[in-house]
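I opened this notebook to keep a record of what I looked up. The entries follow the order in which I worked.

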Amino acid sequence: MYALVDGNNFYVSCERVFRPSLNGRPVVVLSNNDGCAIARSNEAKALGIKMGAPWFKIKHFEESDGLVALSANFALYGDMSDRMMSLAAGLGHRQEVYSIDESFIDLTGIPGDMTLRSQKIRYRILKWIGIACGIGIGPTKTLAKLANHIAKTAERKPGSYPDHHAQVCNLGSLETSELDGLMLATEVGEVWGVGRRICAQLKEAGIHTVLDLARLDPVMVKRRWSVVLERTVRELQGTDCMGLQHEPPAKQAIACTRSFGHAVLDLSALQEAVTEFASRAAQKLRLQNGHAGQVLTFIRTSPFRTQDLQYSRSTVVPLRRPTNDSRGINQAALMGLQAIYRPGYRYAKAGVMLLDLKPADLIQQELALDDDVTYPGGSRLMQVLDTVNTRFGRGTLSLASAGLAGEMRPWCMRQERRTPGYTTDWNGLAWARA
DNA sequence: TCTGGGGTCCTAGGACCC
DNA sequence: TCTGGGGTCCTAGGACCC
């Protein structure tokens, strides 16, 4: 049996902990660049604001309905997440942190009433952290996800779930007929693993509810769709196909990509941006003690500006030796940029991805057939770089090709509504009284 | 004027190997 | 006349997740 613990409207809930005046008001949290809504309070949802809605299209709700929009404050959400996860872990012996606001807990070997136990944990998280959660319980992760969805919608659709305890739904305690009833009442698109495309295909084939999907023959599903959807069907039927990932698996790729605050035309500005992205990616890589074997650089115009000439290209540059040195990685990234840059386009986004990752302590020995290409100072210098930037703030020390912060940088992102780092920065402490 | 970022897995096709 | 079988690696693209 699995439980899924999931923070409600997580980013908005984090903001509300430190600004209670936001309770009861429609609130959205905006993506980087204040581009679009990535979290919505229930009141914002009620206004019809969709996930991913561009800010400029919903801005009018500020005037008409008192909508509050905040720039994403990921330092805050990450810290709140850590606190929530450590309490949620108390539900069982093993936990898989699946995303910033969700974790699966393996309930195997836990005695007692799981519904009651979940309600207690839920209350503790609410009281100690200030975040409201939904908890779903089921024999597979897909069913736990479904239970979580039912738990969250139960309050909006009274009577849809027989247990009136809102926010906790235990499918394990239901009769088959009750489970069927819930599956029949839930749209197939709500299933974990069924996205927009597959949903449309399923409906085309006459499969509208979760129950319809759960009753399909997995072999047919594999033949007609894919092994991925087959697994989903089996999970809905109660066969555990995924298991719990207790230890987070080593990352296969590290990315740093950004949309620009304003369109960029010339190579030199792109070089600055790419240098910054390469440095940030390299720092993430060092943090997990890894080396990268390849560096991918991409640049692209905005697909939304249909009146503009479009251009999108990426290239992979292999590294002479796997490294996590910012200088080597940046050199490769700039080389890639040089190869794909074409003048005459309004670039809207660029990024650097580190691929072919391996542990830093795994070193491929080789014959010294040519001059050493490693940089002087090596890991010591990178250590100093990271220490200084952690202590005095991002970008205190940077590579020269990143340009100077004081100058006009059109590629810098806009973030006009960010709240302080309440829990991660001494200067950001909330004031009880000024 | 203004539309995010960071991941995973799977598949198909081509090149190449013995 | 009859032209295999089994495998790897790489890339691009698609689908999904939060």
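The entries below take up the DNA strands, the largest pocket and a few single residues.

**Entry 1. Kind of model**

I noted at the outset that this is a predicted model.

**Entry 2. DNA strand B**

I first looked up which residues surround DNA strand B. I found 23 of them, and the closest are Gln 252, Ala 255, Thr 257, Ser 259 and Arg 305.

I then asked which elements supply at least two residues of this surface. They are α3 (55-58), α12 (227-236) and β9 (254-264). The largest share, six residues, comes from β9.

Next I sorted the residues of the surface near DNA strand B by character. I recorded ten nonpolar, six polar and seven charged residues.

I also looked up which part of the strand faces the protein. Of the atoms of DNA strand B within 4 Å of the protein, 71% belong to sugar or phosphate, and the rest belong to bases.

I listed three polar contacts with this strand:

- For Ala 255, I noted a polar backbone atom 2.6 Å from a phosphate oxygen of DNA strand B.
- For Ser 259, I noted a backbone N or O atom 2.7 Å from a phosphate oxygen of DNA strand B.
- For Ser 31, I noted a side-chain N or O atom 2.8 Å from a sugar or linking oxygen of DNA strand B.

**Entry 3. DNA strand C**

I repeated the search for DNA strand C. There are 13 residues around this strand, and Ser 99, Lys 145, Gly 193, Arg 197 and Ile 198 come nearest.

I found that β5 (94-99) and α9 (196-204) each supply at least two residues of the surface near DNA strand C. The largest share comes from α9, with three residues. By character, I recorded five nonpolar, three polar and five charged residues.

How much of the part of DNA strand C within 4 Å of the protein belongs to sugar or phosphate? I read the value as 100% of those atoms.

I listed three polar contacts here as well:

- For Glu 102, I noted a side-chain N or O atom 3.2 Å from a sugar or linking oxygen of DNA strand C.
- For Val 194, I noted a backbone N or O atom 3.3 Å from a phosphate oxygen of DNA strand C.
- For Trp 192, I noted a side-chain N or O atom 3.4 Å from a sugar or linking oxygen of DNA strand C.

**Entry 4. The largest pocket**

I turned to empty space in the protein. The largest pocket holds about 2,100 Å³. It is lined by 49 residues, and those closest to its centre are Arg 258, Arg 280, Gln 283, Lys 284 and Arg 394. The elements that give two or more residues to the lining are α5 (74-88), β9, α13 (267-287) and α15.

Which element gives the most to this lining? I found that α13 does, with eight residues. I divided the lining into 19 nonpolar, 17 polar and 13 charged residues.

I noted that β9 appears in two entries: β9 supplies residues of the surface near DNA strand B, and β9 also gives residues to the lining of the largest pocket.

**Entry 5. Glu 272**

I looked up one residue of helix α13, namely Glu 272. Is Glu 272 buried or exposed? I classed Glu 272 as buried because its relative accessible area is 17%, and the cut-off for buried is under 20%. Leaving aside neighbours within four places in sequence, I found Glu 272 in contact with Ser 401, Ala 402, Gly 403, Arg 409 and Trp 411.

**Entry 6. The loop between β2 and β3**

I examined the backbone of two residues in the loop between β2 (27-30) and β3 (37-40). Asn 33 is found there, and so is Asp 34. Asn 33 is not a glycine, yet I read a positive phi of about 70°. Asp 34 likewise has a positive phi, near 50°, in a residue other than glycine. I recorded Asn 33 as buried at 9% relative accessibility, and Asp 34 as buried with a relative accessible area of 9%.

**Entry 7. Gln 415**

My last search concerned Gln 415, which lies in the segment after α15 (378-392). I recorded Gln 415 as partly exposed, with a relative accessible area of 24%.

What does Gln 415 touch, not counting residues up to four places away in sequence? I found Asn 32, Asp 34, Ser 71 and Ala 72. I also noted that Gln 415 and Leu 70 are 345 residues apart in sequence and 8.8 Å apart in space, C-alpha to C-alpha.

Definitions and conventions. Residues are numbered from 1 along each chain as its sequence is written. Chains are lettered from A and ligands numbered from 1 in the order in which they are written. This is a predicted model: local features need pLDDT of at least 70, side-chain atom pairs count only at pLDDT 80 or more; totals for chains, interfaces and linings use all residues. Side-chain values use heavy atoms; hydrogens and water are left out. A residue is near a molecule or strand if one of its heavy atoms lies within 4 Å of it. A polar contact is a pair of N or O atoms within 3.5 Å; within protein, one must be able to donate a hydrogen and the other to accept it, and residues adjacent in sequence count only if both atoms are side-chain atoms. Helices (H or I, at least four residues) and strands (E, at least two) are DSSP runs, numbered from the N terminus. Ala, Val, Leu, Ile, Met, Phe, Trp, Tyr, Cys and Pro count as nonpolar, Asp, Glu, Lys and Arg as charged, and the others, Gly among them, as polar. Buried means under 20% relative accessible area, exposed over 50%, partly exposed in between (1.4 Å probe, protein chains only). Contact means heavy atoms within 4.5 Å. On a 1 Å grid over the protein atoms alone, a cavity is a set of points where a 1.4 Å probe fits but cannot get out, and a pocket is an open set with protein on both sides within 12 Å along at least five of seven lines; lining residues have an atom within 4 Å of a point. Grid points are joined across faces, edges and corners, and a volume is the space filled by probe spheres set on the points.
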